[in-house]
Amino acid sequence: MIWILILILCAIGICSAIDNNPEKPNHWLRISLFILLAFIIGIRHKVGIDYDVYVELFERPNSYRAGFVEPLWIWLNKTLAGLSYRPRMFFVVSAAYTMFAFYKGIEKDSRAFYISTLFFVLFGFYFETANTVRQCAAMGTLMWGYSYLVEKRWIPALLLGFLSINLHLSAIFGVILIAVSYIKINRWILFSLLMATMVFGSMLMEFAMNVMFPILGTINKYQYEVDQFDAGVSSGVLKYVYGVLGTIMIFACTDIREDRSEVLRLLNLTIYGLCVYNTFYVFQPARRLYTYGFMFSILLMPHFLSYFQPKVRYGVATVITAIFLFFLAKSNLEVAYNYDFIFL
């Protein structure tokens, strides 16, 4: 999918160059960019770890797999099937909604739309929507709801939080993270948490597996064993890259005075997400929970980069972009992108 990555990065660059007046943002251009993102993911064929599972759920909505899926998705599948659509429409609809939700979250709460969109891609969230379809829909919904929370518009925030949980039960964890992010925490404590999970992550994971995960078995959800999945990482370098980035963010963002409370909440969410990543590094199903916190880094990045003087800022942005572009390209190097347009 390297050529897809190049196409997307070019589209972001071109749109950013055209839409260069922050006083009068071109909303139609921004919407068109996310329509392109939704189109690329929506028409994919045989792309994504669980692609065949979602096809089976569409074609056999009463199969045993349906017992592990939230009722909202079963209803969607039955509705689309009742309208004589093929499984392709499920992927189009889910991709369209997920991109719409992320668009709303970024548009409403990012101080630099295209920087956040760029890191939405570079940090792997965009391509992950082809894998964890339901969870990514829940993630986008939570980010959208968070923007209303910032505005203190409680009703839409609560409704979107409720919707996210119905899209994927794990969104409960994301709701808890957002609530905890409002607690003020000293940056040295935040740094200590990050370092502790990097060093003692495996011990913490063993404790969580023995104490917490049996609960999932009682509610018949997400029953996995550690050896059912590989680490999902090749060399382990990304873990330390996250650690370095998180450390720099802690000591840079806690010195930012503009929009301070908002920056600190986003920082807390980002670091909490990295702590989850470090803890469940070798257990893929639980490690995926880190995205509920780390996804807010795409809103934090414009604040983080603004901390540096212009000459330093461009250098920092270039280095971060190059590093994560390398990891993203490496992870998608051997992934073939296929597509089809058969909806009926």
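**Helix packing and residue environments in the predicted model**

Apart from neighbours within four places in sequence, T117 is in contact (heavy atoms within 4.5 Å) with I12, L33, F34 and I106. T117 is placed in helix α6, where helices (H or I, at least four residues) are DSSP runs numbered from the N terminus. With a relative accessible area of 0%, T117 is buried; buried denotes under 20% relative accessible area, exposed over 50%, and partly exposed the range in between, for a 1.4 Å probe and protein chains only. The structure is a predicted model, in which local features need pLDDT of at least 70 and side-chain atom pairs count only at pLDDT 80 or more, whereas totals for chains, interfaces and linings use all residues. Residues are numbered from 1 along each chain as its sequence is written, and side-chain values use heavy atoms, with hydrogens and water left out.

Two of the residues touched by T117, L33 and F34, are also among the buried residues of α2. The other buried positions of this helix are L29, R30, L37, A38, I40, I41 and G42. The cover over the buried residues of α2 includes α1 (2-18), α5, α6 (113-122) and α7 (125-128). Helix α2 comprises 16 residues (27-42), which at 1.5 Å a residue should span 22 Å, and the end C-alpha atoms are 22 Å apart, in agreement with that value. The expected span is taken as 1.5 Å times one less than the number of residues. Beyond α2, in the loop between α2 and α3, K46 has a positive phi of about 60 degrees although K46 is not a glycine.

Helix α3 (residues 51-59) packs against helix α5 (residues 87-109), with axes that come within 9 Å and cross at roughly 115 degrees. Axes are lines fitted to C-alpha atoms, for helices over the stretch in contact, and angles run from 0 to 180 degrees between N-to-C directions. The crossing of α3 and α5 is right-handed; a crossing is right-handed if the near helix is turned clockwise from the far one by less than a right angle, and left-handed if anticlockwise. On the α3 side the contact is made by Y51, Y54, V55, F58 and E59, and on the α5 side by P87, R88, F90 and F91. These residues divide into seven nonpolar, no polar and two charged, where Ala, Val, Leu, Ile, Met, Phe, Trp, Tyr, Cys and Pro count as nonpolar, Asp, Glu, Lys and Arg as charged, and the others, Gly among them, as polar.

The count of disulfides is zero, a disulfide being a pair of cysteine sulfur atoms within 2.5 Å. The sulfur of C10 is 11 Å from the closest cysteine sulfur, that of C15, and therefore too far for a bond. C15 is likewise in no disulfide, the nearest cysteine sulfur being that of C10. C10 is partly exposed, at 43% relative accessible area, whereas C15 is buried, at 11%.

Helix α11 (residues 187-211) includes R187 and L190. R187 counts as partly exposed, at 27% relative accessibility, and L190 is buried, with a relative accessible area of 1%. When residues up to four places away in sequence are not counted, L190 touches I185, I250, L267, N268, I271 and Y272. The C-alpha atoms of L190 and I271 are separated by 7.4 Å, although the two residues are 81 residues apart along the chain. For R187, the contacts outside neighbours within four places in sequence are with I250, F251, T254 and D255. I250 is thus touched by both R187 and L190.

Helix α14 (residues 260-279) is mostly covered, with 17 of its 20 residues buried. At 1.5 Å a residue, α14 should span 28 Å, which agrees with the 28 Å between its end C-alpha atoms. D259 is placed in the loop between α13 (237-253) and α14 and has a positive phi near 55 degrees in a residue other than glycine. D259 is partly exposed, with a relative accessible area of 42%.

L325 lies in helix α18 (residues 310-332) and counts as partly exposed, at 28% relative accessibility. Residues up to four places away in sequence aside, L325 touches L5, L9 and L122. L325 and Y240, 85 residues apart in sequence, are 16 Å apart in space from C-alpha to C-alpha. The C-alpha atoms of R187 and L325 are separated by 28 Å, with these positions 138 residues apart along the chain.
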